[in-house]
Amino acid sequence: MYRSHNCGELNASHINTEVTLAGWVQKSRDKGFMNWVDLRDRYGITQLIFDEGRTDKTVFEQAKTLGREFVIQVKGTVIEREAKNKNIATGEIEILVTKLTILNAALTPPFTIEDETDGGEDIRMKYRYLDIRRNPVKNSLLFRHKVAMEVRKYLSDLDFCEVETPYLIKSTPEGARDFVVPSRMNQGQFYALPQSPQTFKQLLMVGGMDKYFQIVKCFRDEDLRADRQPEFTQIDCEMAFVEQEDILNIFEGLTRHLLKEIKGVEVDKFPRMTYEHAMKTYGNDKPDIRFGMEFGELNEFAQHKEFPVFNAAELVVGIAVPGAGNYTRKEIDALIEWVKRPQVGASGMVYAKCNEDGSFKSSVDKFYDQDDLANWAKVTGAKPGDMIFVLSGPADKTRAQLSALRMELATRLGLRNPAEFAPLWVVDFPLLEFDEESGRYHAMHHPFTSPKPEDMHLLDSEPGKVRANAYDMVLNGNEIGGGSIRIHDKATQQLMFKYLGFTEDEAKAQFGFLMDAFQFGAPPHGGLAFGLDRLVAILGGQETIRDFIAFPKNNSGRDVMIDAPSAIDAVQLKELHIDLNINK
């Protein structure tokens with residue numbers, strides 16, 4: 001055996017026990033006649049002692065050669081530690097070493113393997129295998145494992161069956177760009193990596209599997225934003241003979257189970273909010289409801305008052321910021337510059353202070369009297385001591401800008417407590433959204449989403465008003481999952497393809513296999529997919545998913561550790577019948 005115990009389990013009950021340990025050298029402290037070495041493995045740290053008076057001379061001299069991150073094995077006796085360390089589980093004991101074996105020497109690492117390291121993100125990504133040795137990353141991966149095991153336990157107890165679906169599939173035109181894989185055996189043809197197992201899980205319902213789940217890799221070749229990965233993991237689920245309420249109840253249960261088992265948090269209520277209400281009240285479809293600052297639309301009280309900026313706007317909308325009435329002019333100007341950044345895109349911002357005496361002071365006092373500003377306060381819910389910030393312009397764009405400001409202010413004010421969890425369902429999404437560039441409608445979710453039956457008559461006359469039988473789960477301002485009731489008959493699916501601009505031949509070429517399957521007795525079905533990476537990060541109290549992924553890509557989609565993507569040689573290209581024509 002390389003080890004009889006791990007480096008985190010020995011304590012005073014093991015004193016006088018002969019043990020064998022193995023691990024990495026965290027650090028050593030050489031005092032001449034005495035040498036202490038901290039030995040680390042996944043489970044913790046144990047202090048080793050090499051004593052000139054009690055340790056074999058050869059072993060004692062060998063210990064002096066140990067460097068950081070050397071891999072070693074030691075044998076020795078557990079003894080009581082004179083200077084105890086209450087900060088670690090093994091702090092009452094140390095190992096008096098009798099035998100030392102260097103299993104592998106190590107170069108000095110490019111950054112310290114400590115909780116607080118001196119390594120920047122780029123260097124730690126390049127040496128990710130070293131970064132994983134650090135407790136924050138190691139513990140994040142162990143935390144992810146714990147969440148995944150609880151997911152499997154919960155779903156398996158409800159008779160869900162885990163089924164693997166293929167990674168080499170057919171490219172389809174909807175959604176993000178596919179990653180494509182050339183086929184050597186089929187010249188000029190390509191597989192695609194799945195953006196999700198969508199059609200396969202529907203086919204499993206046709207196959208009678210009834211309740212399916214899979215923790216599965218998905219791939220999207222899209223422009224990367226901050227904290228997004230080209231490959232990510234879904235908790236993918238599908239059920240037959242269900243309606244929307246059945247699905248929402250089951251996955252409320254899963255979320256409740258994870259919060260209780262992982263975080264010890266009891267959550268009773270999962271509010272329901274329509275897409276329309278979310279956009280109007282919070283400016284986005286994944287609102288963070290841990291705090292207020294709901295939007296107040298001010299057109300009625302802000303327009304036709306000789307202020308041309310507001311009079312020309314489609315929407316004038318504001319939020320009340322609690323306790324911000326004492327902001328200095330410098331702080332206000334900094335926020336105005338913040339909303340004018342290209343990432344937000346506002347042209348400016350109006351403010352009104354709600355004084356403690358009930359009066360108001362605004363940046364547009366020339367145009368608005370105290371009664372006008374009192375109406376602003378009433379609409380936004382502002383109280384004495386608060387500040388009202390107002391944006392104006394095109395409705396959709398302005399709501400998005402105010403949403404960004406709301407989240408920024410909540411962060412600055414400490415209102416986004418990572419230990420507080422506020423889930424909700426957003427429902428009644430539009431089925432279709434119009435794309436100006438292509439001049440046609442696209443599915444807001446995907447082309448297999450069922451319309452609300454009561455809105456079917458609007459498909460010909462007002463397709464933009466048709467609601468989808470779709471739903472998203474939002475947790476702390478992040479979409480952690482989404483799904484829908486699916487179309488399960490050929491006629492409706494053909495109709496959907498028609499409204500999405502597919503010709504009959506195009507629909508058959510891309511999705512004929514699915515429509516064929518619908519003719520052999522497809523049950524009503526629906527499902528949901530949670531983003532495991534995002535879910536785990538939120539449960540772990542973090543804003544970024546990267547540390548919960550063992551080997552993540554950077555913001556350019558590159559794995560700098562293995563240098564991927566990379567070129568392939570001419571022989572491989574020839575076998576694949578591919579000629580490169582790259583414009584440099």
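Two strands count as paired here if DSSP finds at least two bridges between them. With that criterion in place, good morning, and let me turn to the structure above, which is a predicted model.

I begin with the sheet. Eight strands form an open sheet, and their order is β6-β9-β10-β22-β21-β20-β17-β11. The pairing within this sheet is mixed. At its edges lie β6, residues 161-162, and β11, residues 272-274, each of which pairs on one side only. As general background, strands of a sheet pair through backbone hydrogen bonds, either parallel or antiparallel. An antiparallel case is the pair formed by β20, residues 470-475, and β21, residues 478-485, which are joined by 6 bridges. Within that pair, Val 474 has Glu 479 of β21 as its bridge partner.

What packs on this sheet? Helix α4, residues 135-157, does so, touching β6, β9 and β10. In residue numbers, β9 covers 211-219 and β10 covers 231-240. The direction of α4 makes about 150° with that of β9.

Let me stay with α4 for a moment. The helix has 23 residues and spans 32 Å from its first C-alpha to its last, close to the 33 Å expected at 1.5 Å a residue. Which of its residues are buried? They are Val 137, Lys 138, Ser 140, Phe 143, Arg 144, Val 147, Ala 148, Glu 150, Val 151, Tyr 154 and Leu 155. You will notice that the list includes Lys 138, Arg 144 and Glu 150. The buried residues of α4 pack against two strands of the sheet, β9 and β10, and also against α3 (128-131), α6 (244-263) and α16 (532-539). After the helix comes Asp 159, whose phi is positive, near 70°.

I move on to charged side chains. The structure holds 38 salt bridges, and I shall discuss three individual pairs and one network.

The first pair is Glu 80 and Lys 84, whose side chains meet at 2.9 Å, N to O. Glu 80 has a relative accessible area of 48% and Lys 84 one of 42%; both therefore count as partly exposed, since that class lies between 20% and 50%.

The second pair is Arg 290 and Asp 288, which form a salt bridge at 2.6 Å, N to O. Is this pair buried or exposed? Arg 290 has a relative accessibility of 12% and therefore counts as buried. Asp 288, at 1%, is likewise counted as buried.

The third pair is Asp 333 and Arg 329, with a salt bridge of 2.9 Å, N to O. Both residues belong to helix α10, residues 329-339, and they are 4 residues apart, about one turn of the helix. Asp 333 is partly exposed at 32%, whereas Arg 329 is exposed at 53%.

As for the network, salt bridges link Arg 124, Arg 128, Asp 131, Arg 134 and Asp 547.

A brief word on cysteines. How many disulfides does a search of the whole structure find? The search finds 0. Cys 7 is buried, with a relative accessible area of 0%, and Cys 354 is buried as well, at 3%.

Finally, I come to the backbone. Most residues other than glycine have a negative phi, and most peptide bonds are trans. Against that background, a few positions deserve mention.

The peptide bond from Ala 564 to Pro 565 is cis, with omega near 5°. Pro 565 is located in the loop between α16 and α17, the latter being residues 570-575.

Asn 16 has a positive phi, near 75°. This residue sits in the segment before β1, residues 18-30, and is exposed, with a relative accessible area of 63%.

Met 293 also has a positive phi, near 55°. Its place is the loop between α7 (275-282) and β12 (296-297). Is Met 293 buried or exposed? At 7% relative accessibility, Met 293 counts as buried, whereas Asn 16 is exposed.

To close, I return to the two themes with which I started. The model contains an open sheet of 8 strands with mixed pairing, and helix α4 packs on that sheet through contacts with β6, β9 and β10. Thank you for your attention.

Key. Residues numbered from 1 in each chain as written. Predicted model: local features only at pLDDT ≥ 70, side-chain atom pairs only at ≥ 80, totals over all residues. Heavy atoms only, no water. Disulfide = S-S within 2.5 Å. Buried < 20%, exposed > 50% of the residue type's maximum accessible area, 1.4 Å probe, protein only. Contact = heavy atoms within 4.5 Å. Axes fitted to C-alpha atoms, helices over the stretch in contact; angles between N-to-C directions. Expected span 1.5 Å × (residues − 1). Salt bridge = Lys/Arg side-chain N within 4 Å of Asp/Glu carboxyl O.
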